[in-house]
Amino acid sequence: MTDFAHIQALWNQQPAPAQPQAARAIITRAETNSKQLLAFHYGTMMTLSVTALVLVGYFWVYGTTTNPAVLWGGLLMIAALLLRIGVEYGSYRRFAAIDPGTDLRACLAQTRSFHRLRQQIQFVMTPLSVGSYVGGFVLLLPYMEAGVSKGFYQYIIVSGIFFLLVLCVIIYRQIRNEMRLLAQLKESYAALLAT
């Protein structure tokens, strides 16, 4: 065997470089995380929109807008939902505009900026939105107390508190999941830059 043939045989025995495969795995994970985040935004907007439509329908059908306390309570609840829908829509569009296919450094910077924005939204605006919604509900309580039996009114109070606790647990888990996905996305882009 000549020296060249020996060197070529050694060269052919080398394992395939793992770097492209690792990069593909990172890209796949980043794409999966991006799709989950967009789905999260879409699901949130749909849930809030359905809730707002139900509230608007209730106040429209039952004509409770003649009572100022009921009107303000209902408006506060609906306004909290509509404001949050607008914020989620803007956030959805901003995240969808991040294109990892263009410049990876710019993509990483945009993802970091988006992560900070979502932290502000989730840790500041979410408690304000829930507080406004609960405040509107509390304004409706005297109207409900006067319009239903005592037992049903107590049911409304207990079920309202239970619903609020369940909602807070769901929101907490959603926020934790979203922050985890964003952190993974940042790690993926940083790892791609390092390869």
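**Figure 1. Arg118 and Glu178 meet in a salt bridge.** The side chains of Arg118 and Glu178 form a salt bridge, 2.5 Å from N to O. A salt bridge here is a side-chain nitrogen of Lys or Arg within 4 Å of a carboxyl oxygen of Asp or Glu. This pair links distant parts of the chain: Arg118 sits in helix H4, Glu178 in helix H5 (residues 150-194), and they are 60 residues apart. Helices (H or I, at least four residues) are DSSP runs, numbered from the N terminus. Both Arg118 and Glu178 are buried. Buried means under 20% relative accessible area, exposed means over 50%, and partly exposed is in between (1.4 Å probe, protein chains only).

The model is predicted: local features need pLDDT of at least 70, side-chain atom pairs count only at pLDDT 80 or more, and totals for chains, interfaces and linings use all residues. Residues are numbered from 1 along each chain as its sequence is written, and side-chain values use heavy atoms, with hydrogens and water left out.

**Figure 2. Glu88 has salt bridges to Arg118 and to Arg84****.** Arg118 meets Glu88 at 3.2 Å, N to O. Arg118 lies in helix H4 (residues 104-147) and Glu88 in helix H3, so the pair ties together parts that are 30 residues apart in sequence. Both Arg118 and Glu88 are buried. Glu88 also forms a salt bridge with Arg84, where the closest N and O atoms are 2.9 Å apart. Why are Glu88 and Arg84 separated by about one helical turn? They are 4 residues apart in helix H3 (residues 68-96). An α-helix has 3.6 residues a turn, so residues three or four places apart point the same way. Arg84 is buried, and so is Glu88.

**Figure 3. Salt bridges join four residues into a network****.** The members are Arg84, Glu88, Arg118 and Glu178. How many salt bridges does the structure hold? There are 3.

**Figure 4. Helix H4 bends at Met125****.** The bend is about 35°, and a proline, Pro127, follows within four residues. A bend is the angle between axes fitted to the seven residues ending at a residue and the seven starting there. H4 has 44 residues, which should span 64 Å at 1.5 Å a residue. Its end C-alpha atoms are 60 Å apart, which agrees. The expected span is 1.5 Å times one less than the number of residues. At the N-terminal end of H4, Asp103 acts as a cap. A side-chain oxygen of Asp103 lies 3.3 Å from the backbone nitrogen of Arg105.

**Figure 5. Helix H3 has many residues to look for.** H3 has 29 residues. From first C-alpha to last, H3 reaches 41 Å, close to the 42 Å expected. Which residues of H3 are buried? Among them are Val70, Gly73, Met77, Leu81, Ile85 and Phe95. Arg84 and Glu88 are also on the buried list.

**Figure 6. Helix H5 reaches 66 Å****.** H5 has 45 residues, and its reach is close to the 66 Å expected at 1.5 Å a residue. Its buried residues include Tyr153, Gly160, Ile175, Leu182, Ser188 and Leu192. Ile157 lies in H5 as well. Ile157 counts as partly exposed, at 28% relative accessibility. From Ile157 to Glu145 the C-alpha distance is 9.9 Å, and the two are 12 residues apart in sequence.

**Figure 7. Aromatic residues and Val61 form a nonpolar patch on the surface****.** The patch holds Tyr58, Trp60, Val61, Tyr62 and Tyr143. Together they have about 640 Å² of accessible area. Areas come from the Shrake-Rupley method with a 1.4 Å probe; for residues, only the protein chains shown count as cover. Patch residues have over 30% relative accessible area and no salt bridge; nonpolar side chains (Val, Leu, Ile, Met, Phe, Trp, Tyr) are joined within 5 Å, like charges within 9 Å. Which helix gives the largest share? Helix H2 (residues 19-62) does, with 4 residues. Tyr62 is found in H2. Tyr62 is exposed, with a relative accessible area of 55%.

**Figure 8. Two residue pairs show sequence distance and space distance****.** Arg24 is in helix H2. Arg24 counts as exposed, at 52% relative accessibility. The C-alpha atoms of Arg24 and Leu192 are 9.3 Å apart, with their places 168 residues apart along the chain. Asn12 lies in helix H1 (residues 3-12). Asn12 counts as exposed, at 57%. Asn12 and Ile98 are 86 residues apart in sequence and 41 Å apart in space, C-alpha to C-alpha.

Notes. Helices (H or I, at least four residues) and strands (E, at least two) are DSSP runs, numbered from the N terminus. A polar contact is a pair of N or O atoms within 3.5 Å; within protein, one must be able to donate a hydrogen and the other to accept it, and residues adjacent in sequence count only if both atoms are side-chain atoms.
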